[in-house]
Amino acid sequence: MSDAATLSLGDDIQEMADIGIVGGYGFADRIDIDREIDVETPFGEPTHPVIIGEMAGRKVAFLSRHGRGRNVPSQSVNFRANLFALYRVGVRRLVSATANGSLRKEIGVGDVAVPTDYIDRTKRRVDTFFDDYPPRHFSSMQPFCPSLNDTIESCCDAVGLTGHNEDVTMVNIEGPRFSTEAESEMFRQWGADIVGGSTYPEVTLARELGMCYGNFALITDYDVGDSIPGIEEEPVTLQMIDDRLAEYNTQTRDLMEQVIERMPAERCEHCQGHVDPATSEADPVWEHRRPDMF
Ligand SMILES: [Zn+2]
């Protein structure tokens, strides 16, 4: 735990901010920070205290997905603790920023892809809050918020980035290793367009909590490189990702500010009502649930 104030499990849910941001710590540079909160969760510690402040004139809750200084790699992120912490401070709509690889020439390095669907290839991540009775099954049709997706895509032009949000399928790998040539080819045959490491299970946990969830992916590389038709780049390296993130640093932060400024005031109808509002005393989410969210 840090020096931040603490929100304990026994405390009432605080309505600190209904817009959430999850991404690299750098986004904090664009937030007029009010305070940091260590949020206690039934699932362990989040990767960072939740930062409450203002971006583009709107109240936001920001969580640095990989901690400060990127000390928690994707496969080790406690996604349940992170999402639950944002939920506890009032988040209803969540914008996620990631760095992804492209599997197709048409989606270029430096472009922004806005996924509309996903394929889960993770193996070791806990991806549900609903492990107890009664069973709660729900549709994963259109898993990303269509309203937030439109907002993100419409903001790309304004910051000088090319956006893609027409049927963009993201395959989420486990990592830390990148894809083999055979895997990359298989993903393309499956219809995947981009490859990433952090969007899943955020997207499905957000749905379980009744949040709108939209993701924008800065394309930093072409996965296995010149094995992709029409591509003449080297296979992805961590250095390559870091270099591209640095190169597009200002524009991705500008994009986040634009999205926060323009995003709808309320949750959309699509993202409400996916989850059966059955209750169970044994269920930590339901024990701390917000009646207004379901
Ligand atoms: Zn929505």
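F144 is buried, with just 1% relative accessible area; buried here means under 20%, exposed means over 50%, and partly exposed is in between (1.4 Å probe, protein chains only). This is a predicted model, where local features need pLDDT of at least 70 and side-chain atom pairs count only at pLDDT 80 or more, while totals for chains, interfaces and linings use all residues. Residues are numbered from 1 along each chain as its sequence is written, and side-chain values use heavy atoms, with hydrogens and water left out.

**Aromatic pairs**

There are nine aromatic pairs in the structure. For a pair, ring centres of Phe, Tyr and Trp (its six-membered ring) must lie within 6.5 Å; planes under 30 degrees apart are called stacked, over 60 edge-to-face, and the rest tilted. Here are two of the pairs:

| Pair | Centre to centre | Angle between planes | Type |
|---|---|---|---|
| F144 and Y213 | 6.1 Å | 40° | tilted |
| F187 and W190 | 5.8 Å | 50° | tilted |

F144 and Y213 bring together distant parts of the chain: F144 sits in the loop between β8 (117–121) and α2 (146–156), while Y213 is in strand β12, 69 residues apart. (Helices are DSSP runs of H or I with at least four residues, strands are runs of E with at least two, and both are numbered from the N terminus.) Y213 is also buried, at 1% relative accessibility.

F187 and W190 are another story. They're three residues apart in helix α3 (residues 181–190), so about one helical turn separates them. F187 is buried at 1% relative accessible area, whereas W190 comes out as partly exposed at 43%.

There's also an aromatic cluster, made up of F43, F84, Y87 and F129.

**The zinc site**

Which residues hold the zinc ion? The SG atoms of C145, C212, C268 and C271 coordinate the zinc ion at 2.2 to 2.3 Å. Donors are N, O and S atoms within 2.8 Å of the metal (3.2 Å for Na, K and Ca), and since water is not among the atoms, sites may look incomplete. The four donor atoms subtend angles of 105 to 114°, so the arrangement is tetrahedral, a label that asks for all angles between 85 and 135 degrees. For comparison, the ideal angle for four tetrahedral donors is 109.5 degrees.

Along the sequence, the zinc donors follow the spacing C-x66-C-x55-C-x2-C. C212 and C268 link distant parts of the chain, 56 residues apart: C212 lies in strand β12 (residues 212–221) and C268 in the loop between α6 (249–262) and α7 (284–287). C212 is buried at 1% relative accessibility, and C268 is buried too, at 13%.

Key. Four donors count as tetrahedral if all angles lie between 85 and 135 degrees; four count as square planar and six as octahedral if opposite donors are over 155 degrees apart and all others between 65 and 115; anything else is irregular.
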